[in-house]
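This report describes how one helix is placed within a protein model, and then turns to the surrounding core and to a buried residue elsewhere. Please consult the sequence and structure shown below while reading.

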Amino acid sequence: MDKEFLKNGYRSVTLNITGGKIDSYREKEQTTGTVRVYADGKIGVAGCLGEPDEEELTVQAEKALELGIPYVSALDGALGRTQDDSAEIVPEKELIPAMQAMLDEIGKECPGFAVSNKISLTWKSDEYRNSNGRNLKCSGSSLDISLLFQSRGSGNLMDAFYEYSGRSFDPEKVISGCKTVYDAYNTPAELEEGEWPVIISAGELLGQAISHFVGEMYVSGASLLSGKLGEKCFSEKLTFGDDRNAETNPGSFFFDDEGTVSPEDRGLLIQDGTLKALLTTKNSAAKFGLPVSGHAGAAYDGVPTLTMQGLYVARTAEDIREIVPGKAVYVMSASGGDYTPSGHFATPVQMAYLVENGKLVGRLPELNISGDFFDILGKDYLGAIPNTLANSCSDSLMVTKMRVSK
């Protein structure tokens with residue numbers, strides 16, 4: 001009988017912000033444990049909240065085999081690896097005064113904005129062991145600053161925002177980023193309709209398309225990618241997948257919940273334009289005859305299913321001017337869009353800025369962007385840059401030509 005043991009620890013301190021002031025904070029701490037056992041093509045799962053008793057959970061998991069839940073899992077072989085990325089970001093006792101001092105400076109630099117939302121300092125740890133001798137441990141910490149801006153007198157719940165994520169704290173960088181957003185928001189800009197370079201996050205552009213990478217959709221023929229595994233479908237500039245590398249996704253773990261470790265800690269789906277893999281668990285990979293992709297996640301008391309820790313896009317340049325020396329549209333917020341079954345993508349953009357010569361120069365009116373899935377990621381794909389035009393996050397922004405209309 002094969003066996004897996006998992007233990008997950010989570011702790012966070014979250015500050016709530018109203019009117020530029022920290023008005024409350026919340027601490028959260030949670031530990032969970034899981035044992036999964038496999039026999040005769042079946043899985044038994046037992047989980048607990050709190051410090052796990054492995055022997056007790058094992059007995060419960062073996063009993064759960066009687067439920068007859070089918071699951072194929074080939075446990076990975078022996079590997080020992082420990083990674084600790086939990087360096088101190090801000091001393092916890094200094095968190096509130098440090099963040100309030102930063103918010104006070106933002107208020108001075110952006111007097112027309114009322115600032116709200118949250119700041120979180122998070123610590124995570126994860127452990128995976130199996131009966132084949134695999135023993136993986138990972139821990140990390142991250143700081144997430146998410147500020148919402150309401151233009152005073154606008155009557156809107158939100159008019160702009162700023163985000164930071166990372167494993168260090170530079171208040172001047174945050175203040176400068178907020179000032180960049182403030183100045184651009186208060187400078188009206190216009191752009192003619194037509195085809196323009198569009199700068200957009202992977203989540204905004206590909207969030208609705210992730211289902212097409214799911215193994216089950218692929219083999220059923222319902223995916224835009226069906227039959228294309230191993231083919232060069234996209235621009236050779238594009239490398240895309242799941243980010244489990246703490247350098248570009250702070251707080252992530254380098255292994256999935258079935259103990260799979262990917263090269264460079266990234267489960268790539270597209271590599272240099274070639275469709276390299278599809279989203280699978282070990283069970284779905286065996287069921288559909290596909291490669292194991294390392295994208296398994298699970299509730300502490302549940303059967304593994306598909307998950308992605310973060311979207312990774314390989315950078316092709318460090319500055320937008322290396323890709324687009326002239327004008328471009330920076331999409332900060334877009335919702336309500338989708339892909340048609342034939343692959344046409346369109347979405348309204350609620351918040352966009354004009355970029356010229358590498359800088360945000362003004363706020364564009366609400367607009368629409370559209371394009372074809374394979375063109376957006378193929379002949380029209382221009383590359384990827386750091387997410388530092390306005391926000392300061394460790395992920396990348398994609399740059400592609402799209403139709404821009406009002």
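## What covers helix 3

In this predicted model, the buried residues of helix 3 are covered by elements that include helix 2 (95-109) and strand 6 (113-130). Strand 7 (134-151), strand 8 (160-166), strand 18 (344-356) and strand 19 (359-364) are also among the covering elements. The residues beneath this cover are Val174, Ile175, Gly177, Cys178, Val181, Tyr182, Ala184 and Tyr185.

## The helix itself

Helix 3 consists of 15 residues, and the distance from its first C-alpha to its last is 21 Å, close to the 21 Å expected at 1.5 Å a residue. At the N-terminal end, aspartate 170 acts as a cap: one of its side-chain oxygens is 3.2 Å from the backbone nitrogen of glutamate 172.

## Nonpolar cores

The largest nonpolar core has 49 residues, of which Ile106, Leu147 and Ile199 touch the most other members. Helix 3 (residues 171-185) gives the most to this core, contributing seven residues. Beyond residues up to four places away in sequence, isoleucine 106 touches Val115, Leu147, Val174, Ile175 and Cys178.

Another core, of 45 residues, lies apart from the largest one; Leu206, Phe213, Ile376 and Leu377 are among its members.

## A buried aspartate

Aspartate 380 is located in the loop between helix 7 (373-376) and strand 21 (381-386). Its relative accessible area is 10%, so aspartate 380 counts as buried, the cut-off being under 20%. Apart from neighbours within four places in sequence, aspartate 380 contacts Glu195, Asp375, Thr400 and Lys401.

Note on methods. Residues are numbered from 1 along each chain as its sequence is written. This is a predicted model: local features need pLDDT of at least 70, side-chain atom pairs count only at pLDDT 80 or more; totals for chains, interfaces and linings use all residues. Side-chain values use heavy atoms; hydrogens and water are left out. A nonpolar core is a set of buried Ala, Val, Leu, Ile, Met, Phe, Trp, Tyr and Cys residues joined through side-chain atoms within 4.5 Å. Buried means under 20% relative accessible area, exposed over 50%, partly exposed in between (1.4 Å probe, protein chains only). Helices (H or I, at least four residues) and strands (E, at least two) are DSSP runs, numbered from the N terminus. Contact means heavy atoms within 4.5 Å. The expected span of a helix is 1.5 Å times one less than its number of residues. A polar contact is a pair of N or O atoms within 3.5 Å; within protein, one must be able to donate a hydrogen and the other to accept it, and residues adjacent in sequence count only if both atoms are side-chain atoms.
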